[in-house]
Amino acid sequence: MNAAPAAARLPVLLVGAGAIGSMHARRAVVHADVDLCAVVDPTEAGRRLAESLDRPWFAELEAALDAAAGRDARAAIVATPNRTHVDIASRLVERGLPVLVEKPIADRVEDAQRLVDLAAARGVPLLVGHHRRHNPIVRQARRWIDEGLLGRPVSACVMATWLKPDSYFEPEWRRAPGAGPVLVNLIHDVDVLRHLLGEITQVQAMASNEGRGFANEDTAAITLRFANGALGSLIVSDCAVSPWNWDLGAGEAAHYPQQAADSSFISGTAGAFTLPGLQRWRYAGRAGWHEPLSCERTALHAVDTYSEQLRHLRAVAEGREAPRCSGLDGLRTLQATRAVLDSAASGQLVHLTPLHAGGTA
Ligand SMILES: NC(=O)c1ccc[n+]([C@@H]2O[C@H](COP(=O)([O-])OP(=O)(O)OC[C@H]3O[C@@H](n4cnc5c(N)ncnc54)[C@H](O)[C@@H]3O)[C@@H](O)[C@H]2O)c1
């Protein structure tokens, strides 16, 4: 990748330089649209990352914002642990900085609502890092839906099943409630479904921890109802040997060996498609189950989804694009995903209250 001249690039402050933060940092320093102006992370690893990229390092956010490097910032990325997102993002929004906050926007819906309300009141753009919305595969699917491929959406069937290695669970917190695959992983699938099919109104779920025996769930089965009448059926598991999940199929990250396997099957009254393989199914002539169905495959050029998210951050910060995943999107996706755990715990169907910036309707 060739970097553009520094003056042409938007200075971005990174808060949190762990696994995903360091990925953002490495992309930002060579990006055509943004640049990394400073790194905030209290750890020695954070300091070393900043040093290796030749950028100023700060242990604490206020110190960064008061320093010249921080005052240069025109946007910020928050890639810290979930429980800190709202506090850190709020401090950045108070300073008027557009923020990309990693997913989930918050641990709790009430906290996410406070952040969304603050950003709306201050008129500061807030983006949430549900990066799949920036993937050309999802963008193509969204175009097909906008063009009427599905007709009236009817159903979505989503598999999110993989085998996480035992080493993944060594940190204690990964075995605790809240760190299971529903809130950590399935939240991305829920966000993609909301992006493609619209708001979710009802959630019913069952969860199991029989696979690993930890306090949190390892497997869940979920039924969703969308406002347009479509229904969704999802299975998530982190203890199942399976290629049927977005991460192995989409090839977004080099640390997953890519498999040619679809994991989402979306259908409507006029057509259907799969993700991430983008097979498009429809009747060329008369429709009906005795007629031949045609299948087209669409191959796209690979795009680095996280770099595209950085390009979009700049475009939003400069008022040239509307957020593809706004704070309100992050809030509603969190609400629907938390409802999976609530329904699994209570055995009850959960009806979602419509949420808006500025409070419930
Ligand atoms: N979109 C994605 O693909 C994706 C992938 C992984 C993680 N995430 C999300 O990103 C966030 C971080 O996850 P991770 O896996 O990188 O975690 P991590 O533990 O590897 O990194 C978190 C970093 O934040 C730092 N930190 C903690 N408190 C801080 C503070 N007050 N100020 C500055 N830095 C602070 C820590 O020192 C650590 O370096 C989580 O919300 C996670 O859900 C998103």
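**Notes on the cavity, the pocket, the ligand site and the sheet**

1. Let's start inside: the largest cavity has a volume of about 70 Å³, and the structure holds one cavity of 30 Å³ or more. A cavity here is a set of points, on a 1 Å grid over the protein atoms alone, where a 1.4 Å probe fits but cannot get out, and lining residues have an atom within 4 Å of a point. Volume is the space filled by probe spheres set on the points, with grid points joined across faces, edges and corners.

2. Before going on, a word on the model: it is predicted, so local features need pLDDT of at least 70 and side-chain atom pairs count only at pLDDT 80 or more, while totals for chains, interfaces and linings use all residues. Residues are numbered from 1 along each chain as its sequence is written, and side-chain values use heavy atoms, with hydrogens and water left out.

3. What lines the largest cavity? Its wall is made by Arg132, Val158, Asp189, Val192, Leu193, Trp246, Ser263, Ser264, Ile266 and Leu275. Helix 8 (181–197) and strand 11 (264–268) each supply at least two of the lining residues, and helix 8 gives the most, with three. Helices (H or I, at least four residues) and strands (E, at least two) are DSSP runs, numbered from the N terminus. By class the lining splits into six nonpolar, two polar and two charged residues; Ala, Val, Leu, Ile, Met, Phe, Trp, Tyr, Cys and Pro count as nonpolar, Asp, Glu, Lys and Arg as charged, and the others, Gly among them, as polar.

4. Next, the second largest pocket, with a volume of about 480 Å³. A pocket is an open set of grid points with protein on both sides within 12 Å along at least five of seven lines. Its lining has 26 residues, and Ile137, Gly249, Ala250, Gln258 and Pro276 lie nearest the centre. Helix 7 (136–147) and helix 9 (246–250) are the elements giving two or more residues to that lining. The lining holds 11 nonpolar, 10 polar and five charged residues.

5. Now the ligand. It is surrounded by 22 residues (a heavy atom within 4 Å), and the closest are Asp41, Asn82, His85, Lys103 and Tyr306. For polar contacts (pairs of N or O atoms within 3.5 Å), one ligand oxygen atom sits 2.6 Å from a side-chain N or O atom of aspartate 41. An oxygen atom of the ligand is also 2.9 Å from a polar backbone atom of isoleucine 20, and a ligand nitrogen atom is 3.0 Å from a side-chain N or O atom of glutamate 102.

6. How much of the ligand does the protein bury? Taken alone, the ligand exposes 850 Å², and 72% of that is buried by the protein (Shrake-Rupley method, 1.4 Å probe). Helix 1 (19–28) and helix 5 (85–94) are the elements that give two or more residues to the shell. That shell has 11 nonpolar, eight polar and three charged residues.

7. Last, the open sheet: nine strands in the order 14-13-12-11-7-10-9-8-15, with mixed pairing (two strands pair if DSSP finds at least two bridges between them). Strand 14 (293–297) and strand 15 (350–351) are at the edges with a single partner strand each, so one side of each has no neighbour in the sheet.

8. Strand 8 (residues 200–208) pairs antiparallel with strand 9 (residues 219–226) over eight bridges. In that pairing, serine 208 stands opposite threonine 219 and glutamine 204 opposite threonine 223. Strand 8 also runs antiparallel to strand 15, joined by two bridges; there, glutamine 202 has histidine 351 as its bridge partner.

Key
A polar contact is a pair of N or O atoms within 3.5 Å; within protein, one must be able to donate a hydrogen and the other to accept it, and residues adjacent in sequence count only if both atoms are side-chain atoms.
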